[in-house]
Each structure stands twice: as structure tokens, then as C-alpha cells.
Amino acid sequence: MNYKKHDELILYVANEIAKTIPNFCGVTLGGSRMHGLDDDKSDVEMYFYSNNSSANLCHPNITTLDKLMQKFGATHRRSDNYLWNEAPWGPHSFFVIDGLYFEIGYRTIKDTKTKLYNYLYELDVQPHKDCHDLGLGYMPSGFAASVAKEKLLICEDDNISNLKQLANQFPNELICALRDEYFDAAVYLFEGKLLSAVQRSDVFLYEVISNRIIRSLMVMAFAISKEHFPGDKWNMQLLLATKWQDAEQFINILIKHYSHPIEKLEEKREMIFEALKLIQDNI
């Protein structure tokens, strides 16, 4: 992989798109690259911020985007249009240039601040929508984690820095809300449907329910260190980088669970209990 060439292309694309954003105030780099965990399979996630108050006025129009993509020599990816807008994600562009896949998000400062405040202080922690690529739906914690960790590529004012300061906050009340939403759900599923799956030797039900439990416990594992759950990618590396002293033990329990023979459901469920107890002892 030619990282220098990719870095030059990313900055070029960022600067060119920035010229088309109404009331542009900055662009950030997200995804694997913001964590320094990118590899030759990684895409490029960028977020363009506007000071405009309306989400409909924070991105280029279709005609401008089409002309810009022609200039880039870009091809379509994921969508037949260069402007894709689906709830809860909001406006995005997906395209490929020289084999490098770009996912571009468009945000307003006002809307981003509102979403962060609702999550952090109104304690809006529930999934917003059941989406095809997230088993428990869109989670506000992932949005907060993204804003908090994104790397600034271009900055026109202090608005994005102020958003990042807000996103890095983790009130004690938030931990309680996450516990009520995710840990309590994990316990309920463990004592109910997971037990039924073991008693009936139903490996399919066991897989579905155990994954839901583990994902809920992972949310709490990050919360223990007052870190927002980032999503399902790079959980091991990112959790081990937190301040939670039991993170490695927790990860090892889950790895052991996943590698254990599927037909030994009682033993696998006992491992889930170990992970659940470890979280319980820390919240």
C-alpha cells in the first residue's frame, strides 16, 4: 500500500469537496484511520461540517457532486447516486477513486450538537432504528465516539473543537442509563432466552441471543472507562486501550466463548456468565 499516495489523495478530495459545502467550517477523518488501525482493506471516512442550520443545506447539490466526481474520475459505490440520504445516518456520498473507497458524511454543527446533548444529558441511549448492518440498530454512543475521536483535516473555526469537547464528556448519569438499557437487557436475555436455547440444544437461537448479550456487555465495557461504545469494529484493540484494568480478562473470556465448540452450549453459557459478572462487578 502506498500510504503517501493515499494521504495526498485524501487531502486533495477533502479540499475539493470543502469548496462546495455551504458555510463550510471543517472536515474530519473518521473510521479506522482516526484510530491508526487502517489496513489495505480500509475505506476512507470523512465528515464535512457546515455552520448552516438546515441539514438540507450542508452538502453540495447533485449537479455539483456529479461534476466533481467526473473531475475525480470516481465511480459509484453502494448507491447509484452520489448523494444518499437515509435516516438515521443523514446525507452521505459513496464513491471509489483509484481503488480507494470513500464514505463521505455531511453534518451541521447545530444538528451534531443537538444529537450529542440528547445522548449525553437527555440520556437518549436507545437504538434509533433497526438497520441492516447493526444488529441492535443505530446507537447514539457510536455517533458520540466518532465525533470525539475524529481527526481534524481542515479547520475554519472552533466549532468542531467545541463539539469534540462535548463528545468527550461522560456524565455519571449516562452510565446509569446505559446500565438500565443494555446491562439489564443482557441479564434478562441470559436468564431467559439463552437458558431456553441451552435446554433445547438450539444452537441457532443460542448464537443469535448470545451475540445480542455480548454486544450489550461490550457497550458497558467501554462505559466502565467512560468511553463511548464505538461500534462493532476494532473492539478488542480499542477496549484494551481504555483504562479498564479488567479489559484483557473480559476480552479473553469472549474469545474463549467464540472458539468453544458450538455443541457445548452449557459450557458456552457459563462463559457468558463470567463476562456478565465481570461487568457487574465494575458498574
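Here are a few questions and answers on a helix and some aromatic contacts in this predicted model.

User: Which residues of helix α3 are buried?
Analyst: Happy to start there! This is a predicted model in which local features need pLDDT of at least 70 and side-chain atom pairs count only at pLDDT 80 or more, while totals for chains, interfaces and linings use all residues. Residues are numbered from 1 along each chain as its sequence is written, and side-chain values use heavy atoms, with hydrogens and water left out. Helix α3 (a DSSP run of H or I, at least four residues; strands are E runs of at least two, and numbering starts at the N terminus) spans residues 62–72, and its buried residues (under 20% relative accessible area, with exposed over 50% and partly exposed in between, 1.4 Å probe, protein chains only) are L65, L68, M69 and F72.

User: Why do L65, L68, M69 and F72 lie on the same side of α3?
Analyst: An α-helix has 3.6 residues a turn, so residues three or four places apart point the same way. Directions from the helix axis to the C-beta atoms define the arc. Here the four are on the same side because their arc is only 100 degrees.

User: Which exposed residues does the opposite face of α3 carry?
Analyst: That face is turned away from the buried side of α3. Its exposed residues are K67, Q70 and K71.

User: What is the angle between the planes of F24 and F48?
Analyst: Rings of Phe, Tyr and Trp (its six-membered ring) pair if their centres lie within 6.5 Å, with planes under 30 degrees apart stacked, over 60 edge-to-face and the rest tilted. F24 and F48 form a tilted pair, 6.4 Å centre to centre, with an angle of 45 degrees.
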